[in-house]
Amino acid sequence: MALTSPYDILHAYSQGRISSGEAICRLHLDGFRDLVIAMADAGHPLPRPPRAEVERQVQAALPLLRQALKPAESDRA
Amino acid sequence: MLDLVIPDSGPLITFGLLDRLDLLDRFNCAIVVTDMVAAEVLRGPDTAIDKPVFQRWFAARGNRVQTVETTYGAMWNALAPEDRKRIKRLHPDAGELAIREFTDKLKHTIPPQDQVLVLFEEDAVKTMTFGPHVHLIHTFAFMVSLENLGVIPSAEDLYSEVLAKGRNLARDTFERRVVAPDGAVADRQTDYEAGTDDAGR
């Protein structure tokens, strides 16, 4: 599918079909922050990995994060 | 020891927009970023809403945030903003090449006994080799981990909040009043009705 309009580009990024770098370049934006703002302004959901990939990443990271987690008393008020 | 490596600016900008960089501080770990990432989040006019958030965070973390200098980053930071925009248009993969240089440096700088968590949003990161004891985790998966650990109530809610913050920033960009060099705040409505076009006066 040709990416001819800002909508096409933001939609493709939202679906994970193009990278943030490509979206920033095609839209002539100044960086990732501007891309998030453009996504928000146009109402596109932010991309996220497939569910299985998220689960795999979480299972691998949880033991490391649990071990490094500071005690709860340092919670943000 | 755990090292939290952030090779692209996505995760920092996401947590910065949320003003929740404190969530990265919940862990006893070093945070390693590239000079390009540091420059991207700290640049911009002082009126940029999230810039003070990053300035405070970098200052408060002291030497627990390690900025790794790269050839690309050094050259990039020496360029004028207009040159950066032009190069970005001509070479959209420049950022990816900088990340590759960063990963090569990491292999030599992080102690082999350390565990490394690479927090990323740029898809190209998934194709890179960071060395042994390295796990990749997308920002959303990191939020799910925070939910599992009881640090935040809901990863879905927090991820959705990014867009809400972005929408506010989009509105702010257009609705913010112009400030003239002498400090006077423009009133476009009054200026329009008065028939002047001297914005900032």
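Me: How many residues does each chain put into the contact?
Reply: Chain B puts in 40 residues and chain A 30. Keep in mind that this is a predicted model.

Me: Which element gives the most on the chain B side?
Reply: That's α8(B), with seven residues on the side that touches chain A. Elements giving two or more residues there include α1 (10–17), α5 (81–90) and α6 (94–109) of chain B.

Me: And what's that side made of, by class?
Reply: The side of chain B that touches chain A has 19 nonpolar, ten polar and eleven charged residues.

Me: OK, helices across the chains. At what angle do α4 of chain A and α7 of chain B pack?
Reply: About 55°, with the axes 9 Å apart. Here α4(A) covers residues 51–68 and α7(B) covers 139–148. The two are therefore oblique to each other, and α4(A) passes α7(B) in a right-handed crossing.

Me: Which residues meet there?
Reply: From α4(A), A:Val54, A:Gln57, A:Val58, A:Ala61, A:Leu62 and A:Leu65. They meet B:Phe140, B:Ala141, B:Val144, B:Ser145 and B:Asn148 of α7(B). By class, this contact has eight nonpolar, three polar and no charged residues.

Me: Switching to chain B itself, how far apart are the axes of α2 and α4?
Reply: They're 8 Å apart, and the helices, residues 35–42 and 71–78, pack at about 30°. That makes α2(B) roughly parallel to α4(B).

Me: What does α2(B) meet in α4(B)?
Reply: B:Asp35, B:Met36 and B:Ala39 meet B:Tyr72, B:Gly73, B:Ala74, B:Trp76 and B:Asn77. The contact of α2(B) with α4(B) splits into five nonpolar, two polar and one charged.

Terms used:
Residues are numbered from 1 along each chain as its sequence is written. Chains are lettered from A and ligands numbered from 1 in the order in which they are written. This is a predicted model: local features need pLDDT of at least 70, side-chain atom pairs count only at pLDDT 80 or more; totals for chains, interfaces and linings use all residues. Axes are lines fitted to C-alpha atoms, for helices over the stretch in contact, and angles run from 0 to 180 degrees between N-to-C directions. Helices (H or I, at least four residues) and strands (E, at least two) are DSSP runs, numbered from the N terminus. Angles under 35 degrees count as roughly parallel, over 145 as roughly antiparallel, 65 to 115 as roughly perpendicular and the rest as oblique. A crossing is left-handed if the near helix is turned anticlockwise from the far one by less than a right angle, and right-handed if clockwise. Two residues are in contact if their C-beta atoms, placed from the backbone, lie within 7 Å. Ala, Val, Leu, Ile, Met, Phe, Trp, Tyr, Cys and Pro count as nonpolar, Asp, Glu, Lys and Arg as charged, and the others, Gly among them, as polar.
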